[in-house]
Amino acid sequence: MVTLRKITADNLWDIVALKVGDSQRTFVADNTRSILEAYVAITSGGTALPFGIYAGEMPVGFLMLSYGCEDWPDAPAIAHDNYSLWRLMIDEKHQGKGYGKAAVEAALAYIRTLPCGPATHCWLSYEPENTVAKKLYASFGFQETGDRDENEIIAALML
């Protein structure tokens, strides 16, 4: 069973140690950078929710959500008062086992409880070359909006 667990002093270093393969490093930030970005977002008045992805008691990945864009002056329009699946990574040793799909399912179930406030959408972005991510997100109903976040494609799902 896959679960999401908040990042704490107890699991921080286990999550930081998780890595993607060389061919995927251009698609996702490493977990240290993501956790630092969460800290900056939170201390700047934004919302960031970093989680470890666990298969039983084994950490297999990292996922981070956000809500709104109070700390992001040039945010895409979809970011206002909506949730974002900001980061998703599965460690290279644990890919191809369904953990990414299960993590997105768990994240969407959590988001639908509206833990940070009301929203109509969950949105995300991905590199155009990341066809694996595009296929995964489309399987949940995420649709490309035609907008971009810098060079990344934005896709959204109505909650």
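## A walk around the sheet

At 1% relative accessibility, Ser 34 counts as buried, because anything under 20% falls in that class. This is a predicted model, so every value here is computed from predicted coordinates. Ser 34 belongs to helix H2, which covers residues 31–43. What does Ser 34 touch, leaving aside residues up to four places away in sequence? Its contacts are Ala 29, Phe 62, Met 64 and Arg 87. Two of those names come back in the sheet: Met 64 has Arg 87 in S4 as its bridge partner.

**The sheet**

Now for the sheet itself. It is an open one made of 7 strands, in the order S1-S2-S3-S4-S5-S7-S6, and the pairing is mixed. Which strands sit at the edges? Those are strand S1 (2–6) and strand S6 (143–149), each of which pairs on one side only. Going from one strand to the next, the twist averages 30°. As a general point, strands of a sheet pair through backbone hydrogen bonds, either parallel or antiparallel.

Strand S4 is a handy place to see both kinds of pairing. With strand S3 (residues 58–67), strand S4 (residues 83–90) pairs in the antiparallel sense over 7 bridges. With S5, S4 runs parallel, and 2 bridges join them. One bridge on that side links Ser 84 to its partner in S5, Trp 123. S4 is also mostly covered, with 7 of its 8 residues buried.

Then there is helix H3 (residues 99–111). It lies across S1, strand S2 (48–55), S3, S4, strand S5 (121–126) and strand S7 (152–158). Relative to S4, helix H3 runs at about 155°.

**Rings**

How many aromatic pairs does the structure hold? There are 5. One of them joins Phe 51 and Tyr 110 in an edge-to-face arrangement, with 5.6 Å centre to centre and 75° between the planes. Phe 51 lies in strand S2 and Tyr 110 in helix H3, so this pair ties together parts that are 59 residues apart in sequence. Phe 51 is buried at 6% relative accessibility, whereas Tyr 110 is partly exposed at 28%.

Another pair brings together Tyr 67 and Tyr 83. This one is tilted, with the ring centres 4.6 Å apart and 45° between the planes. Since Tyr 67 is in strand S3 and Tyr 83 in strand S4, the pair ties together parts that are 16 residues apart in sequence. In the sheet, Tyr 67 stands opposite Tyr 83 in S4. Buried or exposed? Tyr 67 counts as buried at 9%, and Tyr 83 is buried too, at 1%.

Further rings gather elsewhere: Tyr 126, Tyr 137 and Phe 142 form one aromatic cluster. There is also a charge over a ring, with Arg 5 lying over the face of Tyr 54 at 4.1 Å from the ring centre.

**Cysteines**

A disulfide, in general, is a covalent bond between the sulfur atoms of two cysteines. How many disulfides turn up in a search of the whole structure? The search finds 0. Why is Cys 116 not bonded to Cys 122? The sulfur of Cys 116 is 12 Å from that of Cys 122, its closest cysteine sulfur, and that is too far for a bond, because a disulfide needs the two sulfur atoms within 2.5 Å. Seen from the other end, Cys 122 is in no disulfide either. Their surroundings contrast: Cys 116 is partly exposed, with a relative accessible area of 30%, while Cys 122 is buried at 0%.

**Two loop residues with positive phi**

Finally, have a look at two loop residues. Asp 81 is not a glycine, although its phi is positive. Leu 114 likewise has a positive phi in a residue other than glycine. Here they are side by side:

| Residue | Phi | Loop between | Relative accessible area |
|---|---|---|---|
| Asp 81 | about 55° | S3 and S4 | 47%, partly exposed |
| Leu 114 | near 55° | H3 and S5 | 37%, partly exposed |

The loop with Asp 81 thus leads back to S3 and S4, the strands that pair over 7 bridges. The loop with Leu 114 sits between H3 and S5, and S5 is one of the strands that helix H3 lies across.

Technical notes. Residues numbered from 1 in each chain as written. Predicted model: local features only at pLDDT ≥ 70, side-chain atom pairs only at ≥ 80, totals over all residues. Heavy atoms only, no water. Helix = DSSP H or I, 4+ residues; strand = E, 2+ residues; numbered from the N terminus. Buried < 20%, exposed > 50% of the residue type's maximum accessible area, 1.4 Å probe, protein only. Contact = heavy atoms within 4.5 Å. Pairing = 2+ DSSP bridges. Axes fitted to C-alpha atoms, helices over the stretch in contact; angles between N-to-C directions. Phe/Tyr/Trp six-rings, centres within 6.5 Å; stacked < 30°, edge-to-face > 60°. Lys NZ or Arg CZ within 6 Å of the ring centre and 35° of its normal.
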